[in-house]
Amino acid sequence: MSLLVVGSVAYDGIETPFGKTDRILGGSATYISLASSYFAKKVNLVGVVGNDFADEDIELLKSREIDLEGLQIDNSGKTFFWKGKYHFDLNNRDTLDTQLNVFENFDPIIPESYKGAKYVALGNIEPSLQGKVLQQVNNPDFVVMDTMNLWIDITLDALKETLKGVDLLVINDSEARELADEPNLIKAADKVRAMGTKMLIIKKGEHGALLFTGEEIFSAPAYPVVDIFDPTGAGDSFLGGLLGWLDYTDDLSTTNLRKAVIFGSVMASFCVEKFGPERLKSLTEKEIYDRYREFRRLSQIPEVD
Ligand code: AMP
């Protein structure tokens, strides 16, 4: 199969209680592509970078066999820059700086060779741009979309319009409550699904995730990561692992969707162990499958009579 990933490619400045970095590779498309590259046979990336984008970062993406025909290099400015600081509990972060730079004029142009993608990841960018991507692809089997509070606040109509073409929306609990205007997550899920997306995943930070397929609800545990170093990119790595697994298996049954949610959780749990995308550079198949099995053991509920 081939998987299309659209989103931001960025440099991030990150501060956590454990350390600080002024400039490290980031962006939603970067994390999604890296995480999905461990499963998908071919990952095609669409995004934009500026004249400061380092050769070594291009090489990193290429080393994971990520196709960069769709990565625009805009020499008129710098790469999108985001700076965030995490609080002591690591669940909350403040955005300290956002410099759109070349991202401001980003027009996602899907190369001809990417248009047949069966699996599409719409990383967190403005909903109308996500919609533009859907207009260019030929009838994909499965579209997953991410978004954030900002777009719920300022572009709600465009968000709802784009949702109509989406199979699975992945958001966190506060976003679900806000989007549905409903405090109860189960009721909120129904309301969000009524907006257009067939399925919904609500991520609960370090407490796991809920998958609503319409047929069933699946509750995935969170992995008890001992060394959380930097949560940046965890949500995107979740999405990448999930969609990468679906692309690899090409199976949209509810059982396989459950597996996909766990593989997403596996990739997110690795992502947070080191700064930026560092940990996603060189995982082994054994590490990934071993952690999947740990997830299984973690949540086995004994039978009662
Ligand atoms: P996550 O931690 O999974 O929510 O994603 C973090 C990534 O999102 C960082 O690497 C940032 O570069 C990127 N990011 C932050 N703000 C935005 C934004 N407004 N649009 C697109 N990407 C963003």
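Here are a few notes on this predicted model, going from its cores to a pocket and then to two single residues.

1. Start with the inside. The largest nonpolar core has 61 residues, and the ones touching the most other members are Phe-142, Leu-168, Ile-201, Leu-242, Met-267 and Ile-288. Helix H9 is the top contributor to this core, giving ten residues. Apart from it there's another core, of 45 residues, with Val-6, Val-48, Phe-80 and Leu-185 among them.

2. Phe-142 is a handy residue to click on if you want to see how the larger core is put together. Leaving out neighbours within four places in sequence, its contacts include Lys-118, Tyr-119 and Val-120. Further along the chain, Phe-142 also meets Asp-167, Leu-168 and Met-199, and then Leu-243, Leu-246, Leu-252 and Leu-257.

3. Next, the second largest pocket, which has a volume of about 270 Å³. Which elements give two or more residues to its lining? They are strand E13 (217-220), helix H9 (254-271) and helix H10 (285-298). H9 has the largest share, with four residues, so to speak a second job for the helix that gives the most to the largest core.

4. As for who lines that pocket, the list runs Phe-218, Ser-219 and Pro-221, then Thr-255, Arg-258, Lys-259 and Ile-262, and finally Tyr-292, Phe-295, Arg-296, Ser-299 and Gln-300. By character, the lining is a mix: five nonpolar residues, four polar and three charged.

5. Ser-269 is also in helix H9. Is it buried or exposed? Ser-269 counts as buried, because its relative accessibility is 5% and the cut-off is under 20%. Its side chain makes a polar contact with the side chain of Arg-291, at 2.9 Å. Not counting residues up to four places away in sequence, Ser-269 touches Tyr-223, Val-225, Arg-291 and Phe-295. Phe-295 turns up in the lining of the second largest pocket too.

6. For a contrast, look at Asp-22 in strand E3 (residues 19-26). Asp-22 is exposed, because its relative accessible area of 56% is over 50%. The Asp-22 side chain makes a polar contact with the side chain of Lys-20, at 3.4 Å. Beyond its neighbours within four places in sequence, Asp-22 is in contact with Asp-12, Gly-13 and Phe-81.

7. One distance for orientation: how many Å separate Asp-22 and Val-144, C-alpha to C-alpha? The two are 31 Å apart in space, and 122 residues apart in sequence.

Key. Residues are numbered from 1 along each chain as its sequence is written. This is a predicted model: local features need pLDDT of at least 70, side-chain atom pairs count only at pLDDT 80 or more; totals for chains, interfaces and linings use all residues. Side-chain values use heavy atoms; hydrogens and water are left out. On a 1 Å grid over the protein atoms alone, a cavity is a set of points where a 1.4 Å probe fits but cannot get out, and a pocket is an open set with protein on both sides within 12 Å along at least five of seven lines; lining residues have an atom within 4 Å of a point. Grid points are joined across faces, edges and corners, and a volume is the space filled by probe spheres set on the points. Ala, Val, Leu, Ile, Met, Phe, Trp, Tyr, Cys and Pro count as nonpolar, Asp, Glu, Lys and Arg as charged, and the others, Gly among them, as polar. Buried means under 20% relative accessible area, exposed over 50%, partly exposed in between (1.4 Å probe, protein chains only). Contact means heavy atoms within 4.5 Å. A polar contact is a pair of N or O atoms within 3.5 Å; within protein, one must be able to donate a hydrogen and the other to accept it, and residues adjacent in sequence count only if both atoms are side-chain atoms. A nonpolar core is a set of buried Ala, Val, Leu, Ile, Met, Phe, Trp, Tyr and Cys residues joined through side-chain atoms within 4.5 Å.
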